[in-house]
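Me: Could you give me a close look at the sheet in this model? I would like to see how the strands are ordered and what packs on them.

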Amino acid sequence: MVSRLILVLGDQLSDDLSALREASKETDVVVMAEVQAETDYVPHHPRKIAFLFAAMRKFAAHLKTEGWSVRYTCLDDAENTQSIPGELIRAAEATGAEEVIATEPGEFRLISALEECPVPVHLFPDDRFLCSHTEFEGWAEGRKELRMEWFYREMRRKTGLMMEGDKPAGGKWNYDHDNRKRAPKGLAPPGPLRHAPDKMTRDVIELVRARFGNRWGSLDDFWFATTREEAQASLAHFVEHSLPTFGDYQDAMVAGEPFMFHALLSPYINAGLLGWREVCEAAEAAWSKGDVPINAAEGFIRQIIGWREYIRGVYFLEGPDYPTRNELGATRALPDFYWDGDTDMACVSEVVRTTMAEAYAHHIQRLMVTGNFALLAGLDPGQVSEWYLVVYADAYEWVEAPNVVGMSQFADGGVVASKPYVSGGNYINKMSDYCKGCAYSVSTKTGDGACPFNLLYWDFLNRHRARFEGNPRMAQMYRTWDRMDEDRRETVLAEAGALLDRLDAGQRI
Ligand code: FAD
Ligand code: DLZ
Ligand code: SF4
């Protein structure tokens, strides 16, 4: 007689999962299921589905070799009820189990679905994260502003990573200042480690092609790691080949170089194939040996124990309505070029095409190209957020929503960002080589060929003057705007308005 079912979700592929720690190999049965409710709640990029299904199947096989009984449902199994609660009910009926043990899912939608499941589900905290909900709530309590930097320093103290006693290694907490170099010509980033798909992965790719082949996004040349061992090899490859240069060019963008010196580890970490501690310790060890400069190691560790943990803390602190916030009242529909890349803006086109091909774009591309355009143009943050959830292989609501709704779109009214991440074309030109291949001219502010980012930047500031002019970090921007002569300001606003009208009319921009 089976005593309990142990649910393992697609992004819970970790041996040290709290649900597995609570379970007994002798009497409990692990339940894993590929279901349409998860593939379809947004139309995920087929590459993300293929990655998760292949990784799920291999993790199930691994659990079996470790002595677990595993009940695995494939997407095309005839009896599949196509939802997680449905598969738990079916498993309970088949085994006689009367209780489910699960690790808290990373999304309110699925937490509610489990709470409503007729078979009682006992949720355990997801302690694969450094900071628990209670600890984050305690940190946030009574603070006027939830700034990541202060949270990060506490996490450095808590972990001891790159600490010398109670002081940060090298004397500074944050070396971001050194991480803003433009990429010189001829730079040759090594790219991520590519894993040839084995038979199990090839079968999954065929299934996903058959079922989701019409969806947006390419499945060609699939190279993701799908086991913990492969993900560990990807981590080692990153630390040896890219991390030494990661810091210097962290914000740089180069046409035809989608990966630069980034880790490409977020799909693996978020699915549970790698843990925060091992990736940070690998970076710290490389720095200790002198193989990696301090700005690179600190910068990378900050992304993991700082940004990643902080973002998750915000999601659970702010609650289920957070992803639907729209503090700036933005309502414009997402333009088609977010799907087909068919725009004269070389920067946007490059990022969309990379995203379609790889289910990946690096941080600055997400923030300062597609995110920046959406914010400047007043796109509906709900539609923007759904786009990000669909298109990236690392996207789950707990991490996507605070990054998009908060950091990128300022739709949470400033919980995550102390000011909106907006820029004109100059910033993109400074950090990339996109502008030289663009139909628009970045140095042209108005008139023929003026870069849309230039026009929309001022239009955004003008539109939201009442909200932002009192923000000390934006005072300089408003002073510059106010110093322009009135005719010029009128021209900028009229041309920005005409551009937005063309956008609304579905015309090419
Ligand atoms: P690297 O640049 O090499 O960074 C190393 C690691 O740090 C990443 O693997 C990731 O685990 C972590 N990290 C860095 N920044 C963040 C952050 N802001 N939030 C959480 N983790 C971070 N990240 C996601 O994992 N899922 C998302 O859905 C997601 N959506 C985003 C949407 C927008 C608009 C923006 C601006 C950022 C988003 N990010 C998201 C954060 C970040 O862009 C990605 O984590 C990063 O690009 C992943 O690629 P990488 O592994 O090469 O990262
Ligand atoms: C993202 C995803 C997809 C596409 N498919 C499945 C699935 O079939 N089965 C499953 O257990 N998990 C899947 N996932 C991951 C879940 O959506 C994820 O657990 C929640 O979004 C919470 O983070
Ligand atoms: Fe993007 Fe403007 Fe540069 Fe073109 S000119 S690539 S639109 S920033």
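The sheet and its helices

Reply: Happy to! Start with helix α4 (residues 84–95), which lies across β1, β2, β3, β4 and β5 and runs at about 160 degrees to β1. Here contact means heavy atoms within 4.5 Å, and helices (H or I, at least four residues) and strands (E, at least two) are DSSP runs numbered from the N terminus. Axes are lines fitted to C-alpha atoms, for helices over the stretch in contact, with angles from 0 to 180 degrees between N-to-C directions. This is a predicted model, where local features need pLDDT of at least 70 and side-chain atom pairs pLDDT 80 or more, while totals for chains, interfaces and linings use all residues. Residues are numbered from 1 along each chain as written, chains are lettered from A and ligands numbered from 1 in written order, and side-chain values use heavy atoms, without hydrogens or water.

Beneath that helix, the open sheet has five strands in the order β3-β2-β1-β4-β5, with parallel pairing (at least two DSSP bridges between two strands). At its edges are β3 (69–73) and β5 (121–124), each of which pairs on one side only. From one strand to the next, the twist averages 25 degrees.

Now zoom in on β1, which sits between β2 and β4 in the strand order. Strand β1 covers residues 5–7 and runs parallel to β4, residues 100–103, with three bridges joining the two. In one bridge, Leu 5 of β1 has Val 100 in β4 as its partner.

Towards the β3 edge, there is another helix to look at. Helix α3 (residues 46–65) lies across β2 (29–33) and β3, and its direction is about 160 degrees to that of β3.
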